[in-house]
Amino acid sequence: MFLLDDETTTPIFDNDLPYFSWQVCVKVIAAGFAIYLVIFIFSHWLSFCFSSAYRCLSAKEQVFWNLAATRAVFGIQSIVVGLRALLFDTDLYADPVRSQHDWTWVAILVSTGFFLFENVALHTFNIFFWTCDIFLAIHHFFAFAGFLGAVVCSTAGHYIPVITLLMEMSTPFTCVSWMLLKVGWSQSLIWKANQWIMIHMFHCRMILTYHLWWLCFCNWEQLIHHIPISYLLVFLFGLSLLTFVLNPYWTHKKTLQLLTPVDWNFERSSDHDNHSVKENNEGIKKKTS
């Protein structure tokens, strides 16, 4: 992946690149999109070759499996980036409204590419399989809008959007939970331990939203003066949805899932399959009796 200058070829993640340039931004966003598309395809190939349980899934579940794996990879990336900003980059925290670094530009642009991929994949999935997860659609829309806004508002600080990436801290555990559930390990100790950690991560997400509100409150005058009101409204509305709707809803659902291991995403299809299995078993018993 390279950017071509007039005379030389420059690596796309060079520290000296002008990341505020739209030419550079579009190429790095496209690179992020392509990276996660490749991860999605690689997940399918790897799972098909080495998992008999994956091969037994329906096409709809296989696509969801690969989307979950792709999200998990992004979740790990987001945890690393968010913790670096939260714990190690003191310059970024010192001026959360205006401070930027080359590595934060790369993180935001690649994340924008991922959320673009997520929206394309989610809506394609919904159209192809005639389904809709309204909460996930809302989450992905505001995530993409928020990070694209951080790119468009090139003078805005990066601390808040990079810290927001820590909202993905629960994603790897959600992926593991769903995959273990599909392979029949919902009663295993490892599934229950993962579920406990995942629920804890959702509680940490809620605490993170309070931290973001506190940052906005403490830096409100600077936010008003240095960030366009349209972008600020999109961010605050998305943060409100996370704080009062999405995080509480998902935390509640995951807690219920710990007590009753159910695949909420494919509950109807699973019930239909179980009903068909019961009918077949009853038919076999009648023939043998």
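**Asn66, the helical core and the salt bridges**

Setting aside residues up to four places away in sequence, Asn66 makes contact with Phe40, Ser43, His44, Ser47 and Tyr54. The model is a predicted one, and Asn66 is a handy place to start looking around it. The residue sits in helix H3, which covers residues 59–88. Is Asn66 buried or exposed? With a relative accessibility of 2%, Asn66 counts as buried, because the cut-off for that label is under 20%. A polar atom of the Asn66 side chain also lies 2.9 Å from the backbone oxygen of Gln62.

Stepping back to the whole chain, there are twelve helices and two strands. Where do the strands come in the order of elements? Reading from the N terminus, the run is β-β-α-α-α-α-α-α-α-α-α-α-α-α, so the two strands lead and the helices follow, with strands and helices taken as DSSP runs. The protein chain has 289 residues, and 46% of them count as buried. Its accessible surface comes to about 15700 Å², and carbon and sulfur atoms account for 68% of that. As for how the chain folds back on itself, take the contacts between residues at least 6 apart in sequence: 75% of these join residues at least 24 apart.

Next comes the inside of the protein. In soluble globular proteins, nonpolar side chains tend to be buried together. Here, the largest nonpolar core has 70 residues, and the members touching the most others are Tyr19, Leu109, Ile160, Leu212, Leu223 and Ile227. Which helices supply at least two residues each? Those are H1 (22–50), H3, H5, H6, H7 (159–164), H8 (171–182), H9 (189–218) and H11 (229–259). The biggest share comes from H5, which gives 13 residues to this core. For a look at one of the well-connected members, take Leu212: leaving out residues up to four places away in sequence, Leu212 touches Ile160, Ile163, Thr164, Met167 and Leu239.

Helix H5 deserves a paragraph of its own. Most of H5 is covered, with 20 of its 28 residues buried. Does its span agree or disagree with the expected one? At 1.5 Å a residue, the 28 residues should span 40 Å, and the end C-alpha atoms are indeed 40 Å apart, so the two values agree. Just after H5 comes Trp130, in the loop between H5 (102–129) and helix H6 (134–152). Trp130 has a positive phi of about 55 degrees, although it is not a glycine. Trp130 is exposed, because its relative accessible area is 79% and the cut-off for exposed is over 50%.

Now for the charged pairs. How many salt bridges does the structure hold? There are four. One of them brings together the side chains of Glu61 and Lys182, at 2.6 Å from N to O. This pair links distant parts of the chain, with Glu61 in helix H3 and Lys182 in helix H8, 121 residues apart. Both Glu61 and Lys182 are buried. Another salt bridge joins the side chains of Arg71 and Glu118, at 2.8 Å from N to O. Here too, distant parts of the chain are linked: Arg71 is in helix H3 and Glu118 in helix H5, 47 residues apart. Arg71 and Glu118 are both buried as well.

The Asp95 and Arg98 pair also forms a salt bridge, with the closest N and O atoms 3.4 Å apart. Asp95 is partly exposed, with a relative accessible area of 22%, and Arg98 is likewise partly exposed, at 44%. Salt bridges that share partners also tie Glu61, Lys182 and Asp263 into one network.

Two members of that network turn up again around Trp178, a residue of helix H8. Not counting residues up to four places away in sequence, Trp178 touches Glu61, Phe64, Trp65, Asp263, Asn265 and Phe266. The side chains of Trp178 and Asp263 are also joined by a polar contact of 2.9 Å. What separates the C-alpha atoms of Trp178 and Trp65? The distance is 8.1 Å, although the two residues are 113 apart along the chain. With a relative accessible area of 6%, Trp178 is buried, because that value falls under 20%.

Definitions and conventions:
Residues are numbered from 1 along each chain as its sequence is written. This is a predicted model: local features need pLDDT of at least 70, side-chain atom pairs count only at pLDDT 80 or more; totals for chains, interfaces and linings use all residues. Side-chain values use heavy atoms; hydrogens and water are left out. Helices (H or I, at least four residues) and strands (E, at least two) are DSSP runs, numbered from the N terminus. Buried means under 20% relative accessible area, exposed over 50%, partly exposed in between (1.4 Å probe, protein chains only). A polar contact is a pair of N or O atoms within 3.5 Å; within protein, one must be able to donate a hydrogen and the other to accept it, and residues adjacent in sequence count only if both atoms are side-chain atoms. Contact means heavy atoms within 4.5 Å. A nonpolar core is a set of buried Ala, Val, Leu, Ile, Met, Phe, Trp, Tyr and Cys residues joined through side-chain atoms within 4.5 Å. The expected span of a helix is 1.5 Å times one less than its number of residues. Accessible areas come from the Shrake-Rupley method with a 1.4 Å probe; for residues, only the protein chains shown count as cover.
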